[in-house]
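The following note sets out numbered remarks on the structure shown below. It is intended to be read with the sequence and the coordinates at hand.

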Amino acid sequence: MTTFHDPAPHDGRPAHDGPTADPVSADPVEVTVTACPDGPLLVRGPAAILGPDGEPVPRRRATVALCRCGGTAVAPWCDGTHKVNGYRSGG
Ligand code: FES
């Protein structure tokens with residue numbers, strides 16, 4: 001499982017409060033992206049999901065699943081197709 005952290009505070013403040021600020025620990029809002037084995041990327045937190053046109057894709061949940069198998073019928077979201085198309089994330 002791989003987890004990434006978005007250091008941006010998402011409240012209009014700069015990502016860094018000063019020259020010694022730790023951008024991850026200074027962030028009161030955490031966003032994580034978790035790569036599910038043989039499945040989607042789970043995005044937890046208030047990250048903006050942008051479409052190919054750069055416009056935000058509306059989301060209704062605090063946690064969303066992004067397809068990475070390419071088989072979904074409801075892109076960019078996972079619809080469970082990875083379970084039947086044999087997708088393997090490898091490594
Ligand atoms: S990862 Fe679930 S449908 Fe593609």
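1. Overall content. The protein contains 0 helices and 4 strands. In sequence order these elements give the pattern β-β-β-β. The structure is a predicted model, and the remarks below should be read accordingly.

2. Confidence. The mean pLDDT of the protein is 80, and 68% of the residues reach at least 70. In residues 1–22, by contrast, the pLDDT is below 50, although this stretch has 30 contacts in the model beyond near neighbours in sequence. Contacts made by residues 1–22 therefore rest on positions to which the predictor assigns a confidence below 50 on a scale from 0 to 100.

3. Burial and contact range. How much of the protein is buried? Of its 91 residues, 9% are buried. Among contacts with a separation of 6 or more, 31% link residues that are 24 or more positions apart.

4. Pairing of β2 with β3. Strand β2 covers residues 32–35 and strand β3 covers residues 41–44; the two are antiparallel and are joined by 4 bridges. Two of the bridge partners may be located directly in the model: T34 is matched with L42 of β3, and A35 is matched with L41 of β3.

5. Pairing of β3 with β4. Strand β3 also pairs with strand β4, residues 63–66, again through 4 bridges and in the antiparallel sense. Here L41 faces L66 of β4. L41 thus appears in both pairings, since A35 is its bridge partner in the hairpin and L66 stands opposite L41 in β4. As a general point for inspecting these strands, side chains in a regular strand alternate between the two faces of the sheet.

6. The hairpin loop and D38. The hairpin of β2 and β3 has 5 residues between its strands, and D38 is located in this loop. Which backbone feature marks D38? Its phi is positive, at about 55°, although D38 is not a glycine. D38 counts as partly exposed because 14 C-beta neighbours lie inside 10 Å, whereas a buried residue would need 20 or more.

7. Surroundings of D38. Leaving out residues up to four places away in sequence, D38 touches H82, Y87, R88 and S89. The C-alpha atom of D38 is also 9.1 Å from that of R68, a residue 30 positions away along the chain.

8. The cis peptide bond. The segment after β4 includes P76. The peptide bond between A75 and P76 is cis, with omega at about 10°. A reader tracing the backbone of this segment may wish to examine that bond directly.

9. T72. This residue, T72, also belongs to the segment after β4. Is T72 buried or partly exposed? T72 is partly exposed, because it has 19 C-beta neighbours inside 10 Å and burial requires 20 or more. Apart from neighbours within four places in sequence, T72 contacts C67, W77, C78, D79 and T81. The C-alpha atoms of T72 and H82 are 7.7 Å apart, with their positions 10 residues apart along the chain.

10. D79. Like the preceding residue, D79 lies in the segment after β4. D79 is classed as partly exposed because 14 other C-beta atoms are within 10 Å. Beyond residues up to four places away in sequence, D79 touches T72, A73 and V74. Across a separation of 39 residues along the chain, the C-alpha atoms of D79 and P40 are 9.3 Å apart.

Notes. Residues are numbered from 1 along each chain as its sequence is written. Two strands pair if DSSP finds at least two bridges between them. A residue is buried if 20 or more other C-beta atoms lie within 10 Å of its own, exposed if 12 or fewer, and partly exposed in between; C-beta atoms are placed from the backbone. Two residues are in contact if their C-beta atoms, placed from the backbone, lie within 7 Å.
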